[in-house]
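Student: I would like a close look at a single part of this protein, taken slowly and set against its surroundings. Could you walk me through it in one connected answer?

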Amino acid sequence: MTPLTSNRRWPLLVFPMLACLLVLMLVLFLFGLGDVSESSKRFTNTLLTSFSISSAVLAIAMWSYADSRDRPMAPIFVIGLMGIVGGVLTFTGLKFAGDLMLEANGTPVAQILYNIVHLLVTISAIAIAGGLVLGTAFSLITSRQLEPLFNEEE
C-alpha cells in the first residue's frame with residue numbers, strides 16, 4: 001500500500017465525526033441547553049445509578065468466580081467495600097445535590113426506575129453509534145482494491 005492511497009482515505013473517517021459535531025453544535029445553538037439548574041442532581045443520580053448497576057454486576061462476577069474456586073466467602077470483603085463506597089457516594093450526593101428527585105418523581109423507587117431506563121437508553125445509543133462507526137470503518141477498509149505484494153503477482 002502506497003502512502004498516497006492511505007493519505008486519501010483519512011478524510012472519509014474524519015468527516016463523519018466532524019459532521020456529527022457540527023450537527024450537535026447547531027442543535028445547541030438553535031435550542032440552547034435548557035434548564036441546567038438541576039445539573040448537579042442529574043449528575044448525582046447518574047453517578048449513583050451507574051455505580052449501583054456496575055457494583056451489582058461485579059458482585060455477581062466475584063461471587064461466581066469465588067464459587068468456582070470453592071471459596072464462596074472470599075468476595076464478602078469487596079462487596080462490603082462496595083457498599084461503603086456507595087454509602088459515601090449517596091451521602092455526598094445528598095449533601096451537595098439536596099433532594100435527588102427529578103421530573104416530579106414522587107418516590108425514590110420511581111426515581112431509581114427512571115434512572116435505570118435512562119441508563120439503558122444511553123447505553124443502547126452508544127452501542128448503536130459504536131456499531132455504525134465500526135461498520136463504516138470496516139466497509140472503508142474492505143472496499144479498497146487489493147494491491148499486489150510482489151511484482152510477480154501482477
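Tutor: Helix α2 has 30 residues, which should span 44 Å at 1.5 Å a residue, and because its end C-alpha atoms lie 43 Å apart in this predicted model, the helix agrees with that expectation. The residues of α2 run from 39 to 68, and just after the helix aspartate 70 takes a positive phi of about 60°.

Several side chains of α2 are withdrawn from the surface: Lys41, Thr44, Asn45, Leu48, Thr49, Ser55, Ala59 and Ala66 are buried. An α-helix has 3.6 residues a turn, so residues three or four places apart point the same way. With that in mind, it is worth reading the buried list of α2 again, where Lys41, Thr44, Asn45, Leu48 and Thr49 are among the entries. For the protein as a whole, buried residues make up 14% of the 154 residues.

Threonine 49, which lies in helix α2, is a good place to look more closely. Threonine 49 counts as buried because its relative accessibility is 10%, under the 20% cut-off for that label. Leaving aside residues up to four places away in sequence, threonine 49 touches Asn115, Ile116 and Leu119. Two of these partners, Asn115 and Leu119, appear among the buried residues of α4, together with Gln111 and Leu140. Helix α4 itself covers residues 108–142, and its 35 residues reach 50 Å from the first C-alpha to the last, close to the 51 Å expected at 1.5 Å a residue.

Threonine 44, another buried residue of α2, leads towards α3. Its C-alpha atom is separated by 9.0 Å from that of threonine 92, although the two residues are 48 apart along the chain. Threonine 92 lies in helix α3 and counts as partly exposed because its relative accessible area is 32%.

The largest pocket brings these helices into one picture. Rolling a probe the size of a water molecule over the atoms shows where empty space is left. The largest pocket has a volume of about 280 Å³, and of the 17 residues that line it, Asn45, Leu48, Leu100, Ile112 and Asn115 are the closest to its centre. Asn45 and Leu48 are also on the buried list of α2, while Asn115 is one of the residues that threonine 49 touches. The helices α2, α3 (76–97) and α4 each supply at least two residues of this lining, and the largest share, six residues, comes from α2. By character, the lining divides into nine nonpolar residues, seven polar residues and one charged residue.

Between α3 and α4 there is a loop, in which asparagine 105 is found. Asparagine 105 counts as buried because its relative accessibility is 17%, and, not counting residues up to four places away in sequence, it touches Ala110, Gln111 and Tyr114. Gln111 is in turn one of the buried residues of α4.

Seen in the whole protein, α2 belongs to a set of four helices with zero strands, which follow the pattern α-α-α-α along the sequence. Among contacts in the protein with a separation of 6 or more, 63% join residues 24 or more positions apart. The accessible surface of the protein comes to about 12,300 Å², and 75% of that area belongs to carbon and sulfur atoms.

Conventions: Residues numbered from 1 in each chain as written. Predicted model: local features only at pLDDT ≥ 70, side-chain atom pairs only at ≥ 80, totals over all residues. Heavy atoms only, no water. Expected span 1.5 Å × (residues − 1). Buried < 20%, exposed > 50% of the residue type's maximum accessible area, 1.4 Å probe, protein only. Contact = heavy atoms within 4.5 Å. Areas by Shrake-Rupley, 256 points an atom, 1.4 Å probe, with all protein chains shown as cover. 1 Å grid on protein atoms, 1.4 Å probe; cavity = no way out; pocket = protein on both sides within 12 Å on 5 of 7 lines; lining within 4 Å. Points joined across faces, edges and corners; volume = space filled by probe spheres on them. Nonpolar A, V, L, I, M, F, W, Y, C, P; charged D, E, K, R; others polar.
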